[in-house]
Amino acid sequence: MAYGKLVITIASVTLGIIFIYKGAVKVFPEVNEFAYQDFVQRFHRFSPVFPLADLTGFRPSPDLYRQFVGWTELIASPILILFRGTLGALANLILFGVMVGGVLTHVTLGDPLVKFATEVSLMIVLACLYALRWLEDYQARRAAKKKAQ
């Protein structure tokens with residue numbers, strides 16, 4: 001499964017770089033002032049329909065919401081790139097959850113698909129990456145079990 005490991009590595013690094021940039025733009029205006037201001041405006045729209053508000057009773061301010069999402073992306077991305085196994089899978093699931101939240105927010109606001117196509121695309125690729133990671137782990141466990149017999 002050498003090609004599988006290569007695909008997982010390429011996908012992890014590519015997604016990690018994308019999410020590092022997305023997170024940095026949300027948190028640091030120096031990265032890209034125009035994109036930063038765009039995210040500031042977007043999160044003012046997103047905050048009133050925070051997906052977990054009904055479940056938690058908490059509705060974050062737009063700035064706190066934006067910073068939380070940005071820092072989550074900035075922290076999970078290097079883990080996605082650098083670690084296999086449980087840590088890599090956990091980072092994958094966290095980023096997938098962030099994308100699900102983004103998609104739910106856009107759907108709740110009634111936005112057209114073109115406004116959140118990036119989130120949908122990243123969510124699909126993260127799901128595929130998770131499946132590949134799971135398959136790799138399953139095959140490794142199966143091979144180890146066969147070897148032990």
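**Exercise 1. Sort the lining of the second largest pocket by residue class.**

Solution. This is a predicted model.
- Step 1: list the residues. The lining consists of R84, G85, T86, A89, Y130, R133, W134, E136 and D137.
- Step 2: pick out the charged ones. Asp, Glu, Lys and Arg count as charged, and the lining has four such residues.
- Step 3: pick out the nonpolar ones. Ala, Trp and Tyr are among the residue types in that class, and the lining holds three nonpolar residues.
- Step 4: take the polar ones. Gly counts as polar, and the lining has two polar residues.

**Exercise 2. Find which elements build the second largest pocket, and give its volume.**

Solution.
- Step 1: look for elements that give two or more residues to the lining. These are helix 5 and helix 6, the latter spanning 117–148.
- Step 2: find the main contributor. Helix 6 gives the most, with five residues.
- Step 3: state the volume. The second largest pocket has about 190 Å³.

**Exercise 3. Describe the largest pocket by volume, lining and class.**

Solution.
- Step 1: start with the space. The largest pocket holds about 530 Å³.
- Step 2: go to the lining. There are 29 lining residues, and Y65, V69, V98, G101 and G102 lie nearest the centre of the pocket.
- Step 3: assign elements. Two or more lining residues come from each of helix 1 (2–27), helix 2 (33–46), helix 4 (62–82) and helix 5 (85–109).
- Step 4: rank them. Helix 5 gives the most to this lining, with eleven residues.
- Step 5: sort by class. The lining of the largest pocket has 18 nonpolar, six polar and five charged residues.

**Exercise 4. Place W71 in its element and in its surface patch, then classify its exposure.**

Solution.
- Step 1: locate the residue. W71 sits in helix 4.
- Step 2: find its patch partners. Y21, F28, V31 and I75 join W71 in a nonpolar surface patch. Together the five residues have about 480 Å² of accessible area.
- Step 3: apply the cut-offs. Buried means under 20% relative accessible area, and exposed means over 50%. W71 is at 40% relative accessibility, so W71 counts as partly exposed.

**Exercise 5. Is V125 buried, partly exposed or exposed, and how far is V125 from L104 in space?**

Solution.
- Step 1: locate the residue. V125 belongs to helix 6.
- Step 2: classify it. V125 has 39% relative accessibility and therefore counts as partly exposed.
- Step 3: give the separation. V125 and L104 are 21 residues apart in sequence. In space, their C-alpha atoms are 17 Å apart.

Notes. Residues numbered from 1 in each chain as written. Predicted model: local features only at pLDDT ≥ 70, side-chain atom pairs only at ≥ 80, totals over all residues. Heavy atoms only, no water. 1 Å grid on protein atoms, 1.4 Å probe; cavity = no way out; pocket = protein on both sides within 12 Å on 5 of 7 lines; lining within 4 Å. Points joined across faces, edges and corners; volume = space filled by probe spheres on them. Helix = DSSP H or I, 4+ residues; strand = E, 2+ residues; numbered from the N terminus. Patch = residues over 30% accessible without salt bridge, like charges linked within 9 Å, V, L, I, M, F, W, Y side chains within 5 Å. Areas by Shrake-Rupley, 256 points an atom, 1.4 Å probe, with all protein chains shown as cover. Salt bridge = Lys/Arg side-chain N within 4 Å of Asp/Glu carboxyl O. Buried < 20%, exposed > 50% of the residue type's maximum accessible area, 1.4 Å probe, protein only.
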